[in-house]
Amino acid sequence: MFAAGCHLSAAKGYAAMGREALKLGADTFQFFTRNPRGGRAKAVDEEDAAKLRDIMAENGFPVILAHAPYTMNLCSAKEDIRTFGRGMMEEDLQRMELFSGSMYNFHPGSHTGQGTEKGIEEIAEALNQVMNDDMTVTVLLETMAGKGSEIGGNFGELAEIRSRAVHREKLGVCLDTCHVHDAGYDIVHDLDGVLTEFDRIIGLEHLKAVHINDSKNPAGSHKDRHEKLGEGTIGTEALRRIVTHPVLRDLPFFLETPNDSEGYAREIATIRQWRGK
Ligand code: FE
Ligand code: FE
Ligand code: ZN
């Protein structure tokens, strides 16, 4: 279902994010499950979670999206890092069941010299360990810019991870516009072509969310530096086409642009205006 929101700080808890989202004109939001650089999650405040559930129900938030910390690397060459990552994901997924039907996005990982094939194998193995039949949360693989040894810089790698996942019906994809652009997919001049390729390789039915960002760098740069909407190399027209495209327009859109609250409120309003709603 269509929704528009942005990344919010989780420092003041769940309900505070719900209230902040409302203030910004959002009906969804994204947040880090713990410090993005890793480390331990705060203890769960059940009452705070219940308050957010109320805010969501009363204001028609269809879904919220959690983002795993950047330090989580399920395919590091170092075993202790892989184990740490699995533990974090397992705990995060249990916790997100507080918000039934929510989504959990993660960066597939960096193989750090082990090779793509080995990396894909380890990511799928980790997912098979932490995902289960009873979960209501949908896990999302994020499309990546292909920086360094990052996995997920092309659709084929994401499809390969999905094909090896036992619970692949609960494993979708989040398309980050800055990342796919930086990875070399020409969403500026050939959005239809890129979506056709996504459909052929992954299947558009598995696309569950969009990170709507402009980029500071040229297509194919493999850089991953986000820019405000319309101020980067993707540009207003291409971003507007993405938000209004028939196969994308009913997805939730999340801004991860370099903005303060005011800037986010403006960009959320812009997305709604483009979409005519
Ligand atoms: Fe991300
Ligand atoms: Fe992203
Ligand atoms: Zn990024």
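## Metal sites and their surroundings in a predicted model

At 12% relative accessibility, Glu-227 counts as buried, because the cut-off for that label is under 20%. The values here come from a predicted model.

**Around Glu-227**

Glu-227 sits in strand β11, which covers residues 226–227. The side chain of Glu-227 makes a polar contact at 3.2 Å with the side chain of Lys-216. Which residues beyond four places in sequence does Glu-227 contact? They are Asn-213, Asp-214, Ser-215, Lys-216, Gly-232, Thr-257 and Pro-258.

**The metal ions**

The table sets out the protein donors of each ion.

| Metal ion | Protein donors | Distances | Sequence spacing |
|---|---|---|---|
| Iron ion (ligand 1) | His-67 (NE2), His-107 (NE2), Glu-142 (OE) | 2.1 to 2.2 Å | H-x39-H-x34-E |
| Iron ion (ligand 2) | Glu-142 (OE), Asp-176 (OD), His-211 (ND1), Glu-256 (OE) | 2.0 to 2.2 Å | E-x33-D-x34-H-x44-E |
| Zinc ion (ligand 3) | His-179 (NE2), Asp-224 (OD), His-226 (NE2) | 2.0 to 2.2 Å | H-x44-D-x1-H |

Start with the iron ion (ligand 1). Its donors include His-67 and His-107. His-67 belongs to strand β3 (residues 65–67), while His-107 lies in the loop between β4 (103–106) and β5 (109–110). The two histidines are 40 residues apart, and the pair links distant parts of the chain. Both His-67 and His-107 are buried.

Which residue bridges the iron ion (ligand 1) and the iron ion (ligand 2)? Glu-142 does, and the two ions lie 3.3 Å apart.

Now the iron ion (ligand 2). Its 4 donor atoms subtend angles of 87 to 176°, so the arrangement is irregular. Glu-142 lies in strand β6 (residues 138–142), and Glu-256 in the loop between β12 (252–255) and α9 (261–275). These two donors therefore tie together parts that are 114 residues apart in sequence. Both glutamates, Glu-142 and Glu-256, are buried.

The zinc ion (ligand 3) has three protein donors: His-179, Asp-224 and His-226. Of these, Asp-224 and His-226 are buried. The zinc ion (ligand 3) is separated from the iron ion (ligand 1) by 5.2 Å.

**Thr-138 in strand β6**

Strand β6 also holds Thr-138. Is Thr-138 buried or exposed? Its relative accessible area is 18%, so Thr-138 is buried. Leaving out neighbours within four places in sequence, Thr-138 contacts Ser-102, Met-103, Tyr-104, Lys-170, Gly-172 and Lys-208. Between Thr-138 and Gly-230 there are 30 Å in space, C-alpha to C-alpha, and the two are 92 residues apart in sequence.

**Strand β1 and its partner**

In a regular strand the side chains alternate between the two faces of the sheet. Strand β1 (residues 3–6) is covered on both faces. Ala-3 and Gly-5 are buried on one side, Ala-4 and Cys-6 on the other. Which strand pairs with β1, and in what sense? It is β12, in the parallel sense, over 4 bridges. Within this pairing, Cys-6 stands opposite Leu-255 in β12.

**Helix α1**

Helix α1 spans residues 14–23. Its buried residues are Tyr-14, Ala-15, Ala-16, Met-17, Gly-18 and Ala-21. What covers them includes β2 (30–32), α2 (46–59) and α3 (79–96). Just after α1 comes Gly-25, with a positive phi of about 85°.

**Cysteines**

A disulfide is a covalent bond between the sulfur atoms of two cysteines. How many disulfides are there? The count is 0. Why does Cys-75 form none? The closest cysteine sulfur, in Cys-174, is 18 Å from the sulfur of Cys-75, which is too far for a bond. For the sulfur of Cys-174, the closest cysteine sulfur is in Cys-178, at 12 Å, again too far for a bond. Cys-75 has a relative accessible area of 0%, so Cys-75 is buried. Cys-174 also counts as buried, at 0% relative accessibility.

Definitions and conventions:
Residues are numbered from 1 along each chain as its sequence is written. Chains are lettered from A and ligands numbered from 1 in the order in which they are written. This is a predicted model: local features need pLDDT of at least 70, side-chain atom pairs count only at pLDDT 80 or more; totals for chains, interfaces and linings use all residues. Side-chain values use heavy atoms; hydrogens and water are left out. Donors are N, O and S atoms within 2.8 Å of the metal (3.2 Å for Na, K and Ca); water is not among the atoms, so sites may look incomplete. Four donors count as tetrahedral if all angles lie between 85 and 135 degrees; four count as square planar and six as octahedral if opposite donors are over 155 degrees apart and all others between 65 and 115; anything else is irregular. Buried means under 20% relative accessible area, exposed over 50%, partly exposed in between (1.4 Å probe, protein chains only). A polar contact is a pair of N or O atoms within 3.5 Å; within protein, one must be able to donate a hydrogen and the other to accept it, and residues adjacent in sequence count only if both atoms are side-chain atoms. Contact means heavy atoms within 4.5 Å. A disulfide is a pair of cysteine sulfur atoms within 2.5 Å. Two strands pair if DSSP finds at least two bridges between them.
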